[in-house]
Amino acid sequence: MTNAEIKRHPSLYLEVCSQNEEPRLPLHTSIALFLLSYCDCKSFKVFLVFTKPASSQSLKSQLSESLDVTDVQLEDLPQLVRGCRLPAVLDGTGSLCRAGLAVVLRHIISKTLKADPSRNDVLALLGFKKTCLKACAEVSKWTRLCEIGIPSAVEEHLKNPNNQYQQLPLSILTLERRLAEPVKVHNDDKIRRQKLQEQRQSEKNESPEGGGIPDSESEPGQSPRVCDGLELRAALAKLSVDSVPTPTTRENSEIRKVKTTDLPPLEHVFAEGLYFTLTDVVLLPCIYQYLGSLLANAASTLHQLPHLLRWYSRVQEVPGVLRAAKACGMALSIPQLPTSSSLPGPSAEDNQTSQLEQEEGQEMSTQPPFVGGPRPTMTKLQENGIEADFAPHPCPAWTLPWDSLPGAINPTEGKMSNIRAVRKRQQLNNLVAMVTELARPGHTVVDFCSGTGHVGIVLAHTLPDCQVILIENKEESLVRAQSRSAELGLKNLSFIQANLDYFTGAFQIGVALHACGVATDMVMEHCIQAGAAFVISPCCYGFIQNAIKFTFPKSKKFQETLTNKEHMILCRFADQTAVQLPPDRRLIGKQCMGLVDLDRSWAAETHGYSVLVMTMEPESCSPKNNMLVGRPPQNSGLEGGASQLEAPVHN
């Protein structure tokens, strides 16, 4: 493929795994291929990535004939793609990689709409305000369930279906419960009043098949019927290619006067409510393979999934789904429920419920209550010899030569005020000073949570012998950063749109300016796993909460002294540092910031790191002016000292 062809078409890289020495498509790959087929998208050159020497010949039945597919070995991937988990898309320039299932799927939709703006059915996949699966899996339980939980559970089940059929995966059970809940959608009042009117009319006519909603529970031995109730009609009407006439009959005054709280709830039709979205696209290949395995090994388990089976049937009513499934080798069918004689006893379902409740309960704190306010907590720490300790700043007067730097590097673009731009430059002085002292030629520096690239672009310009990678989940911010980089002609700058966990490449320094809440801890965790140094300015302490990978407090000494709720008190008051607050309140806030970051630094030191907690200079550059500088074991200590730094000179 020529360079011109690469620039014309972005490259989509999809993983191929091996099972019994035969190539197999993992679920994330199957999901991406299904969406490509549903959208009829031809904007990508598709690469199937093999970890072992093999070809895609045996996978032909699962690949749409309209796709341009090429086989590639793992070692032959572009460097930027090799540092990410698949699926991934590399743009035509080769400098911007989008990685992770949700990010890649949303990009496929974007490219489809760019090629054909009339595809309203594809636009509808993005859901209300175009936010479907936009929130990253680290902060959204729903994204985590759909992007990671269910695909992983089904993959695990497929490896050993005979050993797992008696026990439903907890993620599948969570989805079943979600589908059983009433729908909460934006501006649903009109639809609910129409539903009430239909119910009243049905009762008046005494007609059991008057368009009402059947019971969600099917009789044993019967398949779940795809109902023609109001919810399903409304959902399919939105997907119809033909225009649907708006009902002209207005509900009577009796219906209009019914309080909103007294209106009947709406049933789930699709995974996120009434409308077919990207979430349903993600789930369909997963549930297709899961149900296929159950039908072959343990049909009795289907009795525990009535709402999931209804959803599975309704999805097949969506225009284009059966066509796309057939192109991907998915022979969709509506499974039959087993007869009552083969159903499990109540204890089986009760066991599943108790397991789910146990998992959900793990996220709830059962610790004793705490005394309110920061002072008792701070006193408790002080009595145990724990006080905020800030290291002296090694180079408080260090500054970049802003007057001689290209205009595109200055953080003055957009609507940023002059005062804010000055403070942003001061913040950048602090981070760049520390990174410059740590960096060596050939190092890779990663700017996590990079936004529009204020930190990363300055670093790429200041450290031309280093590679700099910007990682950001928001596409708009990253595209803006890429535009600024192109204006400057920077050749040592790359961009990755992904969650932190999808970046797996090697690097020597991680940096983050005002990483909000647990994002600071996620960046530290990523740096520690990579054995990289870090320079981080935390922010939004009040958003800190227990996450999947870690709980708070993090260090042993803090854990022995504070409960989680007492730690939360410190975090809440650490946010009280705004300039408009009284000086004594700000002082307490600063001390709380120091204590929270001291806990973080002690946790990192258990991995052999040397960590300094310091204040950025001048302190007025930001209410959140803490900075954590950590060196891995092989580079412990700030030999030479950042105070030896001089502002870099550029011609």
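1. Lys129 lies in the loop between α5 (120–123) and α6 (141–159). Its phi is near 55°, a positive value in a residue other than glycine. Most residues other than glycine have a negative phi. Lys129 counts as exposed because its relative accessibility is 66%. The model is a predicted one, and this backbone value should be read as such.

2. Cys540 also has a positive phi, of about 50°, although it is not a glycine. Cys540 is placed in the loop between β11 and α21. That loop, between β11 (533–539) and α21 (556–561), also holds Pro553. The peptide bond from Phe552 to Pro553 is cis, with omega near -5°.

3. Another cis peptide bond runs from Glu617 to Pro618, with omega near -10°. Pro618 sits in the loop between β12 (610–615) and β13 (626–631). Most peptide bonds are trans.

4. On confidence, the chain has a mean pLDDT of 81, and 75% of its residues reach 70 or more. Over residues 210–227 the pLDDT is below 50, yet this stretch has 44 contacts in the model beyond near neighbours in sequence. Residues 241–246 also stay under 50, and for them the model has one contact beyond four places in sequence. Where pLDDT is low, the predicted coordinates should not be read in detail.

5. For the overall fold, the chain has 23 helices and 13 strands. Of its 651 residues, 51% count as buried. Among contacts between residues at least 6 apart in sequence, 74% join residues at least 24 apart. The chain exposes about 30700 Å², and carbon and sulfur atoms supply 49% of that area.

6. Which side chain of opposite charge is nearest to Arg106? It is Glu476, 6.1 Å away, and Arg106 is buried yet has no salt bridge. The cut-off for a salt bridge is 4 Å, so a pair at 6.1 Å does not qualify. Arg106 is found in helix α4 (residues 101–115). Leaving aside neighbours within four places in sequence, Arg106 is in contact with Leu126, Lys130, Thr131, Cys132, Leu133, Lys134 and Leu278.

7. A search of the whole structure finds eleven salt bridges. In one of these, the side chains of Glu155 and Arg24 meet at 2.9 Å, N to O. Glu155 lies in helix α6 and Arg24 in strand β2 (residues 22–24), so the pair ties together parts that are 131 residues apart in sequence. Glu155 is buried, with a relative accessible area of 15%.

8. Helix α6 also holds His157. This histidine counts as buried because its relative accessibility is 1%. The side chain of His157 makes a polar contact of 3.0 Å with the side chain of Ser293.

9. The side chains of Arg600 and Asp521 form a salt bridge at 2.9 Å, N to O. This pair links distant parts of the chain, with Arg600 in helix α23 and Asp521 in helix α20 (residues 519–530), 79 residues apart. Both ends of the bridge are buried: Arg600 has 1% relative accessibility, and Asp521 has a relative accessible area of 0%.

10. Arg600 forms a salt bridge with Asp597 as well, the closest N and O atoms being 2.9 Å apart. Asp597 and Arg600 are three residues apart in helix α23, so about one helical turn separates them. Asp597 is buried, with a relative accessible area of 0%. Salt bridges that share partners join Asp521, Lys554, Asp597 and Arg600 into one network.

11. Which residues of helix α22 (residues 564–574) are buried? They are Asn564, Glu566, His567, Ile569, Leu570, Cys571 and Ala574. The cover over the buried residues of α22 includes α16, α21 and α23 (583–605).

12. Helix α16 (residues 374–383) contains Thr379. Thr379 counts as partly exposed because its relative accessibility is 37%. A polar atom of the Thr379 side chain lies 2.8 Å from the backbone oxygen of Arg375.

Note on methods: Residues are numbered from 1 along each chain as its sequence is written. This is a predicted model: local features need pLDDT of at least 70, side-chain atom pairs count only at pLDDT 80 or more; totals for chains, interfaces and linings use all residues. Side-chain values use heavy atoms; hydrogens and water are left out. Helices (H or I, at least four residues) and strands (E, at least two) are DSSP runs, numbered from the N terminus. Buried means under 20% relative accessible area, exposed over 50%, partly exposed in between (1.4 Å probe, protein chains only). Lys and Arg count as positive and Asp and Glu as negative; His and the chain ends are not counted. Contact means heavy atoms within 4.5 Å. Accessible areas come from the Shrake-Rupley method with a 1.4 Å probe; for residues, only the protein chains shown count as cover. pLDDT is the predictor's confidence in each residue, from 0 to 100. A polar contact is a pair of N or O atoms within 3.5 Å; within protein, one must be able to donate a hydrogen and the other to accept it, and residues adjacent in sequence count only if both atoms are side-chain atoms.
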